[in-house]
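Please open the model in your viewer and keep the selection panel at hand for the stops that follow.

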Amino acid sequence: MFLSKQIKQSILLVGIFALGLTHLARADEGVTQFKEFITNVKNAEGEFSQQQIRPPRSGESQAKVLRKSQGRFVFQRPGKFIWQTVKPFEQKVIADGQKLLLWDKDLNQLTIRPAGKSLSASPAAILFGQVAIDDHFELIPGGEKGGMYWLELKPKSDKGQGDIPYSRIGVGMANGLPAGLELHDNFGTITLINLSKIRINSNLGAEVFKFNPPPGADVLNVQ
């Protein structure tokens with residue numbers, strides 16, 4: 001039995017339309033996974049590796065890696081997280097819901113700031129904080145790259161996000177969890193962060209986000 005020319009054309013058009021819908025769905029997959037992560041994941045812990053890269057200068061053939069670091073993180077919504085660098089030096093950033101603490105082991109120094117503008121500038125706060133993402137950012141689908149579905153977080157100009165020191169914020173999602181961050185500052189420097197070994201919605205004790213510096217440490221309160 002032979003199909004008429006009109007039927008064949010109709011089948012072809014339906015196939016093209018379905019393919020187009022699939023492509024659109026995949027392009028939007030990063031946004032979908034990110035929204036579900038923000039809504040459903042109340043706490044998590046895992047590991048990160050980070051590198052800061054600047055573009056090549058005159059006479060240089062390739063970009064230069066300025067620094068590398070690695071460590072671990074813990075977060076609990078709303079607004080509590082620990083971003084702990086282990087290598088090449090020990091440093092810890094702690095948000096306890098009210099204050100932002102920066103502990104530098106080598107300097108034996110703890111700096112305490114009020115949570116607020118300083119908190120929103122942190123990459124960890126973007127993923128783990130209490131900011132209403134849809135209210136403060138436009139979520140732009142970024143397609144698939146490197147085994148992740150990407151989206152761009154573009155600060156809305158009328159929401160007072162000028163304190164965020166990034167011109168572009170990219171988030172890569174994989175299997176419903178953030179796996180990568182790509183942060184571009186206004187000077188062309190790019191910070192790449194890979195997240196791994198993430199465990200979600202576990203029982204975190206109340207003491208996790210408390211930190212007491214050792215005796216003799218310098219404590220600076222900055223308002």
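Select strand E3 (residues 80-87) together with strand E4 (residues 91-96): the two run antiparallel and are joined by six bridges, where strands are DSSP runs of E with at least two residues, numbered from the N terminus, and two strands pair if DSSP finds at least two bridges between them. Within this pair, pick Thr85, whose bridge partner in E4 is Gln91. This is a predicted model, in which local features need pLDDT of at least 70 and side-chain atom pairs count only at pLDDT 80 or more, while totals for chains, interfaces and linings use all residues. Residues are numbered from 1 along each chain as its sequence is written, and side-chain values use heavy atoms, with hydrogens and water left out.

Next, widen the selection to the open sheet of 12 strands, which has mixed pairing and the order E7-E8-E9-E10-E11-E1-E2-E3-E4-E5-E6-E12. Strand E7 (137-145) and strand E12 (218-221) stand at its edges, and because each has a single partner strand, one side of each is left without a neighbour in the sheet. On average, neighbouring strands of this sheet are turned by 20° against each other, direction ignored.

Now add helix H2 (residues 29-40), which packs on the sheet and touches strands including E2 (64-76), E8 (148-155) and E9 (166-174); contact means heavy atoms within 4.5 Å. The direction of H2 makes about 75° with that of E8, the axes being lines fitted to C-alpha atoms, for helices over the stretch in contact, with angles from 0 to 180 degrees between N-to-C directions.

Finally, colour the chain by burial: buried residues, meaning those under 20% relative accessible area (1.4 Å probe, protein chains only), make up 37% of the 223 residues.

Note on methods
Helices (H or I, at least four residues) and strands (E, at least two) are DSSP runs, numbered from the N terminus. Buried means under 20% relative accessible area, exposed over 50%, partly exposed in between (1.4 Å probe, protein chains only).
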